[in-house]
Structure formats: structure tokens, C-alpha cells
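Please take a moment with the sequence and the 3D view before reading on. The paragraphs below are meant to be read with both at hand.

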Amino acid sequence: MLRSLMVDSSKKLILWMLFMLVILFIAGMWILSSLNLNYSEEAISDVRQKQIEETFFNNLNKITQTQTALERYTADLARIGDLFADLYALKSNTEMINTELTELLQTKLNDFVGTSAVGIWFNPDKVNLNGQSISHYVFRDKSSIIKIMADANALPLEQQRWLRLAGIPAAESSIKQRNKIYWTPAYYNDITDSAVLTLVKPILNRQQQVVGYVSTDWEAKQVIDLVSQVSITPNTFALLIDKNKRKLSSLSRLNNEQYAQKIIDSVMSQDFIGLSANRDVTPLAARQKKTRLHTHQFSVEDDNYVLYAATTPAEMLFAVGVPKNEIDAVIAPMRQINQRILIATSIVILLLSIYLVYRIALLMQELQASYTDQLTGLPNRARLLLDLEQNRNSTLILINIDRFRELNSIFGNDCGDAVLQNLTENITTFWEQNNQSNAAKLYRLSGDEFVLLGLSWKREFLTGFLRKLSDFLQEQQLQWRDQDISLTATIGAAEQQNIEPAGQNPPDILISHATAALSIAREQSRNYSIYSSEQDVEQVYEQNLFWARQLKQALQQDRILPWFQPIYDNQSERITKYECLIRMIDSEGKIISPGLFLAIASKLRLDSLLTRVMVEKSFQKFAKLDYEFSINLSYRDLLDTELTQFIFDKLEAYQVGKRLIFEILESDGIDNYNEVRQFIDKAKSFGCKIAIDDFGSGYSNFEHLLRLNVDLIKIDGSLIKNLNDDQSAIVVTRGVVQFARSLGIKTVAEFVHCEAVQNQVRALGIDFSQGAYFSMPQPHLVETQEISQS
């Protein structure tokens with residue numbers, strides 16, 4: 001009961017551990033998936049950010065290109081002003097000069113779309129005509145008609161509004177200042193009746209002195225149209241702000257003037273409005289120098305915006321505002337998909353985990369069943385071997401029920417099962433009452449064997465305990481359907497002191513020792529026995545292992561060979577047959593007798609493979625010879641359908657059936673004559689003959705002759721070798737020969753070892769002789785003349 005509770009507790013603990021592992025696994029997968037989702041969102045967000053930035057810089061480049069073109073346009077005007085300043089200084093033909101300058105200005109105004117006016121303004125102190133200022137101003141009116149204002153109609157230079165707004169220094173000492181193009185903030189031009197931005201550049205004479213200014217008016221509506229083309233998301237807005245923090249674009253796209261004004265107020269309140277002008281921005285540099293890009297976040301009525309801003313060559317601030325939710329909109333579907341994938345994955349993992357736990361629970365049950373005897377509930381042999389492996393310092397007691405097979409045959413298996421179950425309970429009770437150690441177990445090995453395994457005990461305690469256990473078992477009286485059943489048992493015990501290094505002996509060595517002790521107890525008619533090293537079981541065990549290895553290596557390396565012993569025809573006085581006998585060659589070239597390895601081959605189920613080798617090599621040897629030859633087959637060989645089919649295939653291939661004799665061992669107990677007779681009949685269809693080997697050594701020899709349709713009998717050597725001096729052997733052998741002759745069966749005398757025996761064989765009328773007198777088995781065929789010479 002305690003062991004059962006411990007097993008149940010261990011199973012629950014293992015299942016809880018598996019459950020916790022599943023939870024940890026799912027949690028780990030959730031964390032990994034979340035990290036993957038965050039990484040994916042960050043990656044897509046970065047891609048989205050780059051797309052927005054790229055769009056921003058593309059629009060910034062358009063504005064920059066337009067402003068740069070205006071600056072080049074204004075610089076061209078300044079060069080014209082420089083030229084005409086020198087012409088006016090000559091004071092010759094001024095009327096023609098005025099006309100030509102006016103025409104040039106009209107042409108320049110037509111060349112640049114979006115420019116509303118151009119003008120050249122000379123300083124009257126530097127360049128004048130009869131003391132009067134020289135000014136030329138060409139502009140488009142509301143109807144886009146070009147009009148001209150010159151000299152008296154134009155305001156004096158010092159009264160021009162753009163001159164003050166441009167912020168031109170009073171003293172221009174440096175060349176850089178004299179070549180600079182100045183931008184005004186947006187203002188209202190009364191002449192053109194429109195909002196404009198004016199570009200201003202000094203006019204220089206040959207002495208590089210400032211003698212006036214050129215001006216280019218850029219209509220503000222052109223700025224608005226340019227900025228209004230910016231589109232990133234549906235509710236994106238764009239602004240171009242001059243250096244006086246006046247916006248030059250509209251937010252009419254938002255369709256809500258109050259909301260648009262709040263956005264403008266929020267943008268205008270940002271600190272980055274004070275960014276200095278960047279006159280080095282070019283389309284290429286804007287992409288490469290991200291330091292020029294400034295981002296800010298702000299909120300309007302709970303709506304979050306991200307503002308991207310950078311300065312232009314005209315000391316203006318270009319800003320694009322994108323709603324944060326529209327930036328994240330590209331992430332939302334992916335987040336939903338990932339969440340669905342995560343949930344689906346978690347469900348699949350959960351289901352797989354449940355199935356895994358279920359399968360592991362079944363596996364644990366199967367594993368427990370594989371270590372448990374189903375009938376008694378005791379641990380089985382597999383469990384015993386594991387326990388022996390873990391504890392090499394043990395005492396093992398093997399209990400074998402006497403005549404248990406007879407009990408089953410008389411009363412049936414149900415009775416046997418009930419006996420085993422009752423005996424299990426009785427032994428357990430006895431063990432608990434008499435054992436002084438708690439670390440002990442009861443096992444069931446096979447149908448009628450139990451094992452008690454405990455820690456190493458003193459010999460005195462073990463002997464006393466075995467005596468008590470034996471007395472207890474001899475007194476067992478069990479009931480089966482009102483039938484009294486008496487039981488007896490034989491006990492073998494073995495001890496293993498943990499003296500030799502761990503792993504020196506296999507874990508089942510104690511079982512072998514206890515089995516040997518039990519066998520000795522039965523041989524000596526005792527109830528129990530304790531194994532002693534003098535019984536030499538270990539040496540036999542080691543010998544078996546050695547010959548098992550030798551045999552397997554010999555098969556792998558083709559060191560199994562047939563040797564041949566001649567069979568002498570006593571009528572023709574010559575060799576007419578050979579018996580093929582198996583030999584093994586060891587790794588050093590020595591010949592190994594079959595008596596050393598055939599028993600091991602049978603235990604390892606390798607005897608069938610050895611027979612195949614003998615058949616193949618013997619057939620090859622005699623395929624082209626006229627001699628008859630014989631091969632030994634055991635009863636188990638005849639029942640092996642694969643082996644017998646192999647033999648028939650080789651008979652078909654080599655066509656040696658008419659010279660082949662199959663020798664069947666008479667000492668093998670034949671239970672199924674039908675199958676043996678089927679083999680004999682088919683073999684005879686190939687022309688083969690059948691011989692009974694070792695005839696006279698068994699109890700059913702005459703039945704063999706009558707039922708198996710044999711052609712030869714080989715009289716057992718135990719009779720033949722004593723024919724020269726044992727009258728009883730002569731009488732028995734004479735009876736065998738006469739009986740065989742009456743059935744038309746030829747006879748062979750084995751173990752003919754001397755001339756006296758051979759003479760007696762001839763006198764009895766035996767047809768053939770075989771033995772050392774003629775030749776021992778040889779790797780080659782011994783001819784008749786060789787025997788005659790010897």
C-alpha cells in the first residue's frame with residue numbers, strides 16, 4: 001500500500017511538473033511573440049517613418065528648387081543692373097539705355113512664372129540722371145498685364161518697403177554681404193495689390209561698390225499652391241512660415257476653420273520656429289543630412305500630431321503635420337494579424353500541450369505497466385534489473401514453485417493465476433513480519449518464480465531467514481473451488497558484496513548466481529541453497545560471452561568452413577561418400593571444434609545462419625564432383641520455413657540433389673512428423689536421400705524409420721566403438737542391421753576407430769564405415785588410395 005501511494009504521489013508530481021512546463025512554455029511563447037510583435041511594429045514604424053521623411057524631403061526639395069531658381073533669377077537681374085550701372089555712369093544716350101533696360105525687365109518678368117514684379121533701383125548718390133534717381137519697375141496687374149513704372153512714378157529707393165523688410169545692413173563692407181541675396185517676409189504690395197515675398201540683391205559697379213538693388217517679387221499664392229500639393233495621409237497639413245512667423249499656406253483641406261486655427265496656433269507656439277535659415281540645403285543634401293530635420297509632437301483637442309520641419313534658403317520654415325493615428329494606421333492591421341496569429345498559436349500550443357500531457361500520462365502508464373506484472377501487481381524482471389543496476393550491494397532470494405506446470409495442466413490456468421495471487425499476498429505478509437530492513441522488494445520474474453531483493457545481510461541472518469521462508473512455503477495450503485492445493489518451493493539465494501569496481505559485473509549476475517544455487521538445491525534434494533563462488537557459474541557465464549563474440553566475428557569475417565570425413569563402402573572397398581562437418585577458424589588461424597560453439601549458437605538463434613553457410617559452401621564444393629555428400633539438419637532446422645526454402649532454392653541452383661544426403665539427428669525429439677515429412681518428401685523430389693544420425697541413442701528410433709521414409713541409418717558411435725569387446729553391443733547392433741535390412745535401409749557404422757572394430761562391422765554386414773580408422777575430418781577430400789597407403 002505504501003509503495004502504491006508513493007507511485008501515485010510520484011505520478012502526480014511528474015504531471016504537475018509537466019503542467020508547469022507547459023505553462024512556462026506558453027508564457028515563453030507569448031513573450032517571444034510579443035517581442036516579435038514589438039520588433040515588427042518598430043520595423044514597420046521605422047519604414048513608415050522613412051517613407052514620411054522621404055516624402056517630406058521631396059516636397060522640401062521642390063520648395064528649395066523653386067527658391068533657388070528665384071535666387072538665380074534675381075542674380076541674373078543683378079548682373080543686368082551691374083552692366084547698366086556702368087552704362088549710366090557714361091551719361092550718354094540715356095534714353096536708349098532706359099528703353100533697352102525696360103525691355104530687358106519685361107523679358108525677364110515673362111520668363112519666370114510666379115514672379116509678379118521685377119525692379120532695378122539705383123542709389124541717386126551713386127547713379128543718377130541730372131540729379132534724379134533712376135528706377136525701373138515692371139509688374140503684372142490683376143489681369144496679368146505687364147505695366148512699367150520708371151523714375152518719377154516709382155518711389156525713391158530709400159522709401160521702398162522691401163528694403164527695410166529685407167534686413168540689409170547699413171554698411172556693406174564684405175564681399176559676401178555685397179553678393180548676398182536677401183529675402184523679405186511676406187507683405188502686401190500696394191502697387192501689385194497682392195501679398196508677395198521680395199528677393200533683393202545689391203547692384204555693384206566696376207569698383208565693387210553698391211550702387212543700387214534689384215528686386216524680384218514672388219507672389220504668396222504661388223507659395224500656397226506649392227505647399228498645398230503636399231500629401232502624406234488624408235489629414236496631413238503643410239505650412240511655410242516666413243522669418244516673421246507668418247504662415248504662407250492655408251489649412252482649408254481640414255474643412256474646419258476653428259480647428260485649423262488651433263493647429264496653426266499650436267504650430268506657431270513651438271520652439272523650433274526660431275530655427276536659423278539654412279542656405280546650404282540642396283535636393284541631395286536634404287536627403288543625406290537628417291540633422292536638418294526636426295520633429296515635434298503636439299496635441300489639438302486630444303488629437304496627436306507629429307510635426308516635421310526644416311528651414312529653406314529663403315529663411316523660411318517648411319513644416320508638415322501628420323496625425324499620429326494615421327501614421328500608426330499601417331501598423332494596426334499588422335498588430336491585429338499578429339495578435340490573431342499569437343492567439344491561434346497559443347491555442348495550438350495549448351492543444352498540443354494537452355495532447356502531449358495526455359500522451360505522456362499514457363506513456364507513464366505504459367512504462368509502469370512495462371515494469372509491473374499484470375497478474376500480481378508486483379515489479380517484474382525489467383524493474384529488478386534496473387534496481388540491481390542502481391544498487392550493487394544486495395542480497396537476492398529466488399523462489400521457484402515446484403511442479404507449477406503440473407498444477408496448471410491439472411486444474412487449469414485460472415487456478416494457477418489464483419495460486420500466484422494468493423502466494424504473492426502470503427509472501428508479502430511473511431516478508432513484512434520477518435524482514436529487519438525496510439529497503440526490500442518482492443518481484444515476480446516468470447510464471448512460477450518470485451524474487452526477494454534486500455540490502456546485503458550477514459550470513460547468519462540470511463541462513464535463518466531462508467530456513468523460516470522455506471518452512472513457510474512448505475506449509476502453504478491454498479483453496480481452489482473447494483479443492484485443497486498444497487505447494488512446495490525451492491529457494492536459491494545469492495549475495496553481492498560491493499567489493500569489485502562498479503560495472504565490473506552485469507546487473508543480472510545475482511539472478512544467475514541465485515539460479516545456480518536453486519539448481520544445486522534441487523540436485524541435492526534440498527529446500528534452499530546459498531550461492532558460493534566455488535560453483536564457478538561466473539566462469540561459465542564468461543565462457544558463453546567469449547564464444548558468443550567469437551562466433552559472431554567468425555560469421556562476419558567468413559571463418560565458418562566445412563570439413564569433410566570420408567565414408568567407406570565396405571562392399572566396393574572405396575570411399576563413396578563424405579560427411580560435411582562444421583568448423584570455425586579463430587582469429588589466429590586455429591581450428592575450433594563445434595562442441596565449443598554450437599550450443600551457444602543455438603541459444604543465440606544463430607544455428608540457422610550456420611546451416612545456411614554449410615549448405616552454400618558444401619554445395620559449391622561438390623557441385624562438379626561425383627561423390628555423395630551429407631549435411632546435418634536439426635529438428636529445429638526442419639521447422640524453419642525460411643531455411644528450408646533457402647535449401648530448396650540452392651538445390652535448384654546447384655543441381656546436386658541426387659548426390660545429397662540430409663542427416664537428421666535421431667536424438668532430437670520430433671513432435672510434428674507432418675512438417676518433417678513435408679520437408680523429406682520435397683527433398684526427395686530433388687533426388688535427395690534421408691539418413692537418421694546417431695540411431696540407437698534415443699527412445700523413438702524405430703518410429704523414425706517407420707514414419708520418415710529414410711534411406712540410411714547411422715548407428716550411434718556408443719554402440720560401434722565397443723564392438724570388438726562388448727557382446728551386448730554386438731547383439732544390439734546385429735538387431736538394428738537386420739531390422740534395417742528388412743526395410744531396405746542401408747546402414748553406416750560411426751566411430752570405427754581400429755581394425756578390430758572394422759572387422760566386426762564387416763562381419764555384421766554393415767554397408768558403410770566412418771571413423772578415425774579411415775580418416776578424421778579434413779579441410780580437403782581424402783581419397784581411397786590415401787587410406788590404402790596409411
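What follows goes from the whole chain to one sheet, then to a pair of helices, and finally to the salt bridges.

The model shown here is predicted, and it is helpful to begin with its overall make-up. The protein contains 25 helices and 29 strands, and of its 790 residues 47% are buried. Its accessible surface amounts to about 41100 Å², with carbon and sulfur atoms contributing 51% of that area. Among the contacts in the protein whose partners are separated by 6 or more positions, 66% are between residues that lie 24 or more positions apart.

One part of this architecture that can be followed strand by strand is an open sheet of four strands, arranged in the order β10-β13-β12-β11 and paired in the antiparallel sense. The edges of the sheet are taken by β10, residues 237–241, and β11, residues 294–300, and because each of these has a single partner strand, one side of each is left without a neighbour in the sheet. From one strand to the next, the twist averages 25 degrees. The partner of β10 is β13, which spans residues 317–323, and the two are joined antiparallel over five bridges. To find this pairing in the view, one may look for Leu239, whose bridge partner in β13 is Ala319.

A second place to look is where two helices pack against each other. Helix α12, residues 413–434, meets α13 at an angle of about 145 degrees, and the axes of the two helices are 11 Å apart. The crossing that they make is right-handed. Among the residues in contact are Leu423, Ile427, Phe430 and Trp431 on the α12 side, and Phe461, Phe465, Leu469 and Phe472 on the α13 side. Asn426 and Asn434 of α12 and Lys468 of α13 also belong to the set of residues that meet here.

Helix α13 also leads to the next topic, the salt bridges, of which the structure holds 22. Arg459, which lies in α13, residues 459–474, is linked to Glu495 in strand β19, residues 489–495, across 36 residues of the chain. Their side chains form a salt bridge with an N to O distance of 2.9 Å. Within this pair, Glu495 counts as buried at 18% relative accessibility, whereas Arg459, at 41%, counts as partly exposed.

Another salt bridge brings together Asp402 and Arg522, with their closest N and O atoms 2.8 Å apart. Since Asp402 sits in the loop between β14 (394–401) and α11 (404–411), while Arg522 belongs to helix α14 (residues 509–523), the pair ties together parts that are 120 residues apart in sequence. Here Asp402 is buried, with a relative accessible area of 16%, while Arg522 is partly exposed at 38% relative accessibility.

What separation in sequence does the salt bridge between Asp558 and Lys617 span? The side chains of Asp558 and Lys617 meet at 2.6 Å, N to O, and because Asp558 is in the loop between α15 (537–556) and β21 (560–569) and Lys617 is in helix α17 (residues 607–622), the pair ties together parts that are 59 residues apart. Lys617 is itself buried, its relative accessible area being 19%. Elsewhere, Glu579, Glu663, Lys714 and Glu750 are joined into one network by salt bridges that share partners.

Definitions and conventions. Residues are numbered from 1 along each chain as its sequence is written. This is a predicted model: local features need pLDDT of at least 70, side-chain atom pairs count only at pLDDT 80 or more; totals for chains, interfaces and linings use all residues. Side-chain values use heavy atoms; hydrogens and water are left out. Two strands pair if DSSP finds at least two bridges between them. Axes are lines fitted to C-alpha atoms, for helices over the stretch in contact, and angles run from 0 to 180 degrees between N-to-C directions. Buried means under 20% relative accessible area, exposed over 50%, partly exposed in between (1.4 Å probe, protein chains only). Contact means heavy atoms within 4.5 Å. Accessible areas come from the Shrake-Rupley method with a 1.4 Å probe; for residues, only the protein chains shown count as cover. A salt bridge is a side-chain nitrogen of Lys or Arg within 4 Å of a carboxyl oxygen of Asp or Glu. A crossing is left-handed if the near helix is turned anticlockwise from the far one by less than a right angle, and right-handed if clockwise.
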